[in-house]
Amino acid sequence: MEEAILKIFAQSVTRYFATVAGGEATLGTPYLNSDRESAAFDFSAVIGITGTHRGNIYYTAPREKLHALLPLIGEKEPDDRLCAELVGEITNTISGNAREELGAGFMISTPFILEGNPLTVHAPKDSTCYILPVTWNRHRSRVLVSLQANPSPEKS
Amino acid sequence: MKLLIVDDSLIMRRAIERSLNHTRFTEIHTATNGRLAVEMFEKHRPDVVTMDITMPDMDGLTAVDLIMKKDPAAVILVVSALADKSTAVEAVKRGAQGFLLKPVTAESVHNALEEILSD
């Protein structure tokens with residue numbers, strides 16, 4: 001299941017950068033964040049997942065990358081407030097786009113913005129957290145996927 | 001024309017505003033959730049509404065319902081990241097005239113607004 005889910009998020013990330021940044025993002029090999037070590041860059045956002053799955057999706061990026069991306073969406077004077085807003089919007093977009101494959105039962109919350117290190121990953125018990133490395137325009141960022149199939153979606 | 005932009009994301013509200021033909025849209029209002037959207041709709045009676053779905057307080061689909069009850073002729077373009085077909089179908093069923101999937105570009109927003117206004 002993990003491989004299929006990660007592929008869906010990889011597609012969502014690729015679509016985001018191709019549409020918004022006009023350039024392909026390169027995705028690295030996903031790896032297990034087994035120690036739950038801090039994987040955070042300067043700005044992070046998290047979206048809670050309920051319904052057919054339980055868990056969280058994070059997107060985290062360094063300030064320099066966000067400052068490079070913001071002018072491409074028309075923001076000529078990037079600042080920390082816009083950086084925080086942008087990681088929230090990216091997290092929302094890649095999570096919502098995943099419903100193309102995962103269906104309407106994959107329910108997403110509004111994004112919650114987290115600033116600075118460390119990022120503590122909140123994961124359902126016994127679930128694993130995968131890190132999907134994303135490189136765009138030589139800038140690194142990460143998508144963290146911590147999901148578990150929910151056998152009783154109506155109870156989430 | 002008057003436009004109401006509804007989205008909890010500042011980035012999106014600003015992106016949509018930048019994409020507009022400012023000769024056509026001379027009055028622009030914004031709201032950050034569905035409840036405020038309904039209030040703003042009543043107050044300003046915009047010609048067009050762009051409506052996000054996933055928002056705090058009240059989601060966009062509920063807001064579409066409430067706005068359509070107040071004005072069955074309201075023109076609403078849903079702009080959302082929710083990519084499953086059933087959400088788009090549900091939005092249209094509730095009265096929205098169009099559905100634009102995020103991520104968007106200035107061109108895609110502009111074209112989607114022009115299209116629903118030409119209908």
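Contacts between residues 24 or more positions apart make up 58% of the contacts in chain B that have a separation of 6 or more. This value, like those that follow, comes from a predicted model. Of the 119 residues in chain B, 44% count as buried.

The secondary structure of chain B consists of five helices and five strands. Following the sequence, these elements appear in the pattern β-α-β-α-β-α-β-α-β-α. With a radius of gyration of 13 Å, close to the 14 Å that the globule rule gives for 119 residues, chain B is therefore as compact as a globular protein of that length. Along the principal axes, the box filled by the C-alpha atoms of chain B is roughly 30 × 30 × 30 Å.

We can turn next to a helix pair that joins the two chains. Helix 3 of chain A, covering residues 80-97, and helix 1 of chain B, covering residues 10-18, have axes that come within 8 Å and cross at roughly 95°. Because angles from 65 to 115 degrees count as roughly perpendicular, helix 3 of chain A is roughly perpendicular to helix 1 of chain B. On the chain A side, helix 3 makes this contact through Leu82(A), Glu85(A), Leu86(A) and Glu89(A). Helix 1 of chain B contributes Leu10(B), Ile11(B) and Met12(B). By residue type, the contact of helix 3 of chain A with helix 1 of chain B comprises five nonpolar residues and two charged ones, with no polar residues. The charged residues are Glu85(A) and Glu89(A) of helix 3 of chain A.

Terms used
Residues numbered from 1 in each chain as written. Chains lettered and ligands numbered in written order. Predicted model: local features only at pLDDT ≥ 70, side-chain atom pairs only at ≥ 80, totals over all residues. Helix = DSSP H or I, 4+ residues; strand = E, 2+ residues; numbered from the N terminus. Rg over C-alpha atoms; globule rule 2.2 N^0.38 Å. Buried ≥ 20, exposed ≤ 12 C-beta atoms within 10 Å, placed from the backbone. Contact = placed C-beta atoms within 7 Å. Axes fitted to C-alpha atoms, helices over the stretch in contact; angles between N-to-C directions. Parallel < 35°, antiparallel > 145°, perpendicular 65-115°, else oblique.
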